[in-house]
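Visitor: I would like to learn how to read a few features of a protein model. Shall we take them one at a time?

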Amino acid sequence: MSYDGTVTCAMVQELKQNLLQGKIEKVYQPQPEQLLFLIHTSSGKKRFFISAAGNHSAAYLVEDTPENPQTPPVFCMVLRKHLGAARITDIIQYENDRIMEVLMETVDELGFNVNRKLVIELMGKHSNVLLVDVKTGKIIDSIKHVGIDVNRARQILPGKAYIYPPAQKKIPFSLASEEDIAMLVKDQLQPERSLLEGIQGISPALSQSIIMDSTDEIDGSADALRVFDNIQHIKTVIESSSIAPVVYTKDGIPADFHILPLSLYEEDDTYQTISFDTLSSAAAYFFRNRESSNTVKQKSQDLQRVVKGQLDKQKLKVQRLREDLHRAENSEKYRLYGELLTANLHLVKPGSRSITVTSYYDGTPVDIPLDPRFSPSKNAQNYYKKYGKSKTAVKEKKLQLEETASEIEYLESVSAFIDMASTVEETELIRKELTESGYLRHRSKGNRRGSKKDRPKPHVYSLPSGKTVLVGRNNSENDWLTFKKASSADIWLHTKDIHGSHAILLTEGQTPSEEELFQAASIAAFHSKGRMSQNVPVDYVKVKYVKKPAGSKPGYVIFTHNRTLYVNPAVPEQTL
């Protein structure tokens, strides 16, 4: 639970400093459960972002304006109607719970001053955003409606009186006394759990960290006074606005964030720490990158499912083609039957189903099946025809096998790029490539025109010598990089017999040094399926020796004059 009561309390202080007396200029609803307020303040325009999504329940300031739907949702229109030109008078936290209230003054349709408040409940899947009339205490509308069929005790519907979520009988962390803490943690086998269940506003990670910082080194028990002091320290830090926001990542994916470093993560070497100047920037980084990682994973799984299905089809096709080819290659007997039958037509009796004759090649007896519906000569012609079709089939099946092998090679390369994709944009480019190649249907919605997002944006690396290496992110970008971007004197690199990206070392008309070639080869190896291996073979050659056969799949090339380097995958610092 990243956004706990302490984070909410600190965020309220940060929002107060930035938004008080600010005037709401515009309201957007970029997603069904998200809101964005453009607020004019004395220090400039601010963007206040709120999300009531289950996996992204948060409220913080952002720098950018997300893309918005052409037709605003109903709740967005309600907010625009009631909060147009509203001025923010205060921002408060309800007790120490994950509930913010943004108090505003505005005027109604008759020109009278009225007070509204935006209640932001940040409670995971139960999160909500409500517009409430302060005078009557009634709900004007909410981003999520909760009827009696969902919750008998607390309905959230227009016209209903607003009721706070049920109290959990916890002590707010800002009001907890030393005696309260002692009763919760003294002589407890699991003091962190008792603290979590007894103090309002503390997340599991914060509770564990407080107990870790308060544990006696001798007997291993939690010292109640130290627990109290640690909680008081958090309270003081928030009140004095001296927080030190941090985000903890694991394997590059955000795992948690808080207003202060947490011992639970600081003492675990598998977590990396990123510090931020403001809580909003930490929250924005955490949710943006966590959602991006989850989205990339989901999109990658969807694409891999499609590619795997196509690969299974092609491999089954190969199996059947090989069986057909085996049968076609064993067709010499049909020619022998035709020849022997023609030479022995006079021995065939009408209506016979078979005949045994002597082969004039080796003198062995040969049993020839016959179709009694046809004459002996017609049976012989049928065998000659079968022999001719089998000979033609051998050529066709071999050609189809080559085409299918090429198809499998291409799909396996796409699968490798899906595994290496690290951004939503990269997965969308792969989706576009699969669509253009006929493996996916065109989407009925979305931007089908060429846009800036569609333009090639290869990975760009700068070598210590100053030279640049460009790396394609998919097969289509590989083709663009090799045959449009690169000059004939540049160096083309690709892992040998391993699926991966095309890498181009821009030589600027100079002969690259051996060190530069090895560095560029390491980059090419890193952007391949061999990125986790050692001594990866990488072919390199001048671009002028790289050709693309007519009609071949994206990314497929042939080349000559190549040499091979063996390197360990690695990349220098990426430049944009």
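**Reading the model, feature by feature**

Guide: Start with a backbone case. S241 sits in the loop between helix 6 and strand 12 (246-250). Keep in mind that this is a predicted model.

Visitor: What is the phi of S241 near?

Guide: The general idea first. Most residues other than glycine have a negative phi, and most peptide bonds are trans. Here, S241 has a positive phi, near 55°, and S241 is a residue other than glycine.

Visitor: Is S241 buried, partly exposed or exposed?

Guide: S241 counts as partly exposed, because its relative accessibility is 38%.

Visitor: Which loop holds D497?

Guide: D497 lies in the loop between strand 19 (491-495) and strand 20 (503-506). D497 is not a glycine, yet its phi is positive, about 60°. With 77% relative accessibility, D497 counts as exposed.

Visitor: On to sheets. In which order do the strands of the three-strand sheet run?

Guide: The order is 13-12-14, in an open sheet with antiparallel pairing. Strand 13 (253-258) and strand 14 (272-275) are at the edges. Each has a single partner strand, so one side of each lacks a neighbour in the sheet. From one strand to the next, the twist averages 30°.

Visitor: How many bridges join strand 12 and strand 13?

Guide: Five bridges, in the antiparallel sense. For a register point, take K250, which stands opposite I253 in strand 13.

Visitor: What is the order of the six-strand sheet?

Guide: That open sheet runs 17-18-20-19-21-24, again with antiparallel pairing. Strand 17 (459-462) and strand 24 (563-567) stand at its edges. Each of the two has a single partner strand, so one side of each is without a neighbour in the sheet. Neighbouring strands of this sheet are turned by 25° against each other on average, direction ignored.

Visitor: How do strand 17 and strand 18 pair?

Guide: Strand 17 and strand 18 (residues 468-471) pair in the antiparallel sense over four bridges. Y461 has V469, in strand 18, as its bridge partner.

Visitor: Which residues lie on each side of strand 19?

Guide: The general idea is alternation. In a regular strand the side chains alternate between the two faces of the sheet. In strand 19, I491, L493 and T495 are on one side, with W492 and H494 on the other. Both faces are covered, and all of these residues are buried. Put as a count, five of the five residues of strand 19 are buried.

Visitor: Which residue of strand 20 does W492 stand opposite?

Guide: W492 stands opposite I504 in strand 20. Strand 19 and strand 20 pair over three bridges, in the antiparallel sense. On strand 21 (residues 536-542), the pairing with strand 19 is antiparallel and covers five bridges. There, D539 is the bridge partner of H494.

Visitor: Now empty space. How many cavities of 30 Å³ or more are counted?

Guide: Again the idea first. Rolling a probe the size of a water molecule over the atoms shows where empty space is left. In this model, the count comes to two cavities of 30 Å³ or more. The largest holds about 40 Å³ of space.

Visitor: Which residues line the largest cavity?

Guide: The lining consists of I24, F37, I39, F48, I88, V102, M104 and L118. Strand 2 (34-41) and strand 6 (99-107) are the elements that give two or more residues to that lining. By class, the lining has eight nonpolar, no polar and no charged residues.

Visitor: What is the volume of the second largest cavity?

Guide: About 30 Å³. T6, F173, I202, L206, I210, I231 and I234 line this second largest cavity. Helix 5 (204-213) and helix 6 (224-239) each supply at least two residues of its lining. Its classes are six nonpolar, one polar and no charged residues.

Visitor: Last, the cysteines. How many disulfides does the structure hold?

Guide: A disulfide is a covalent bond between the sulfur atoms of two cysteines. This structure holds zero disulfides. As for burial, C9 counts as buried at 16% relative accessibility. C76 also counts as buried, at 1%.

Terms used
Residues numbered from 1 in each chain as written. Predicted model: local features only at pLDDT ≥ 70, side-chain atom pairs only at ≥ 80, totals over all residues. Heavy atoms only, no water. 1 Å grid on protein atoms, 1.4 Å probe; cavity = no way out; pocket = protein on both sides within 12 Å on 5 of 7 lines; lining within 4 Å. Points joined across faces, edges and corners; volume = space filled by probe spheres on them. Nonpolar A, V, L, I, M, F, W, Y, C, P; charged D, E, K, R; others polar. Disulfide = S-S within 2.5 Å. Buried < 20%, exposed > 50% of the residue type's maximum accessible area, 1.4 Å probe, protein only. Pairing = 2+ DSSP bridges. Axes fitted to C-alpha atoms, helices over the stretch in contact; angles between N-to-C directions.
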